[in-house]
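Student: Please show me the model, and I will ask how its pocket and cysteine labels follow from the rules.

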Amino acid sequence: SRTTDDSPPAVWRPGAEGEVLRARAAMLADIRDYFSAVGVLEVETPLACRAAGTDPAIDPLIARYTGPLYPQGVDLYLQTSPEFAMKRLLANGSGPIYQICKAFRDGEAGRLHNPEFSILEWYRPGYRVADMMTEVAAVLRCALHRRGLETETQSYAGLFAARLGIDVFAVDAESLHQVAVQHRLSGAEGLKLDRDGWLDLLMSHLIEPQLEALGMVFVYDYPASQAALSRVVEIDGLRVGQRFELYVDGLELANGYFELGDADEQRGRFEADNTRRRECGLAERPMDEYLLAALAHGLPDCSGVALGVDRLLMLASGLSDIRQVLAFDWERA
């Protein structure tokens, strides 16, 4: 039957307009042209694996395989990032590499999130954090066709000190709780979070909105408790994770690390994550023994970046909802 002009859109139709689909194709071509010109190799790695990241804040989607080798079945984790497999390539001597692929995260859907999303990830042996920030800016200027886009760098501690008067290396959880209450953040009074949880809340609700007026902003040198998979160093007597996050017009686009190469420390971080998962009532995740073996073999000193392609396309297209840049978001899939 026919639909009238005021009928709701048919669910079989794509959410993205044709011009947005063409913009995506052109952006991906520009990104590939950039990496080809600078000698970075495009690779593909598995997205369904027997291990996944252990971070309590990030959960993969889980599939089930039954067949040869596993007649009783085995869980396969749809990767939240291609990072672990790409590091195995680096340890095997691949040199600089990049990948454009799908990634998956459970429990994330909304204006800026889809459970299945597109990610650009690349690694540069010999690059430090400052080198990688420079290249990320170059990739964005290429992808957005904004050659004059200026960059600004702000340390994580500097942002909190300037914007909220907080010393992130000395403050405790209760003091951060009081800051949230003073700023009347919804639900903050009865919320129970650890120190990093409060820092994340204040960052997302009070500081990130202020970054919108600054254009392209790199926030770097996070507290060691937020190092994730980056190396930790001591700067002026303070332990700092060598990582950065990129915001453009207030939108978070990328995470970058000077990559941790110590297999023993990485195992310890995996174990600590699983301890936190148990404490939160979450299922433990199997550690990626292949990654740990690759690190033990030797990961070259390198930096890596993961960048959200869908969000980058939102920025380029002037759109505010991720569903507008996806052919079929999860509710249409």
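Tutor: On a 1 Å grid over the protein atoms alone, a pocket is an open set of points with protein on both sides within 12 Å along at least five of seven lines, and a residue lines it if one of its atoms is within 4 Å of a point. This is a predicted model, with local features needing pLDDT of at least 70 and side-chain atom pairs pLDDT 80 or more, while totals for linings use all residues. Residues are numbered from 1 along each chain, and side-chain values use heavy atoms, without hydrogens and water.

Student: Which residues lie nearest the centre of the second largest pocket?

Tutor: Cys-49, Arg-50, Ala-51, Arg-88 and Tyr-290 do, among 20 lining residues. Helix 2 gives four residues, the largest share of that lining.

Student: What makes a lining residue of this pocket nonpolar, polar or charged?

Tutor: Ala, Val, Leu, Ile, Met, Phe, Trp, Tyr, Cys and Pro count as nonpolar, Asp, Glu, Lys and Arg as charged, and the others, Gly among them, as polar. By that split the lining has 13 nonpolar, two polar and five charged residues.

Student: How many disulfides are there?

Tutor: The count is zero; a disulfide needs two cysteine sulfur atoms within 2.5 Å. For Cys-101, the nearest cysteine sulfur, that of Cys-49, is 11 Å away. Cys-142 is not bonded to Cys-101 because their sulfurs, 19 Å apart, are too far for a bond, although Cys-101 holds the closest cysteine sulfur.

Student: Why is Cys-142 called buried?

Tutor: Buried means under 20% relative accessible area (1.4 Å probe, protein chains only). Cys-142 is at 12%, so the label applies. Cys-101, at 11%, is therefore buried too.

Key
On a 1 Å grid over the protein atoms alone, a cavity is a set of points where a 1.4 Å probe fits but cannot get out, and a pocket is an open set with protein on both sides within 12 Å along at least five of seven lines; lining residues have an atom within 4 Å of a point. Helices (H or I, at least four residues) and strands (E, at least two) are DSSP runs, numbered from the N terminus. Buried means under 20% relative accessible area, exposed over 50%, partly exposed in between (1.4 Å probe, protein chains only).
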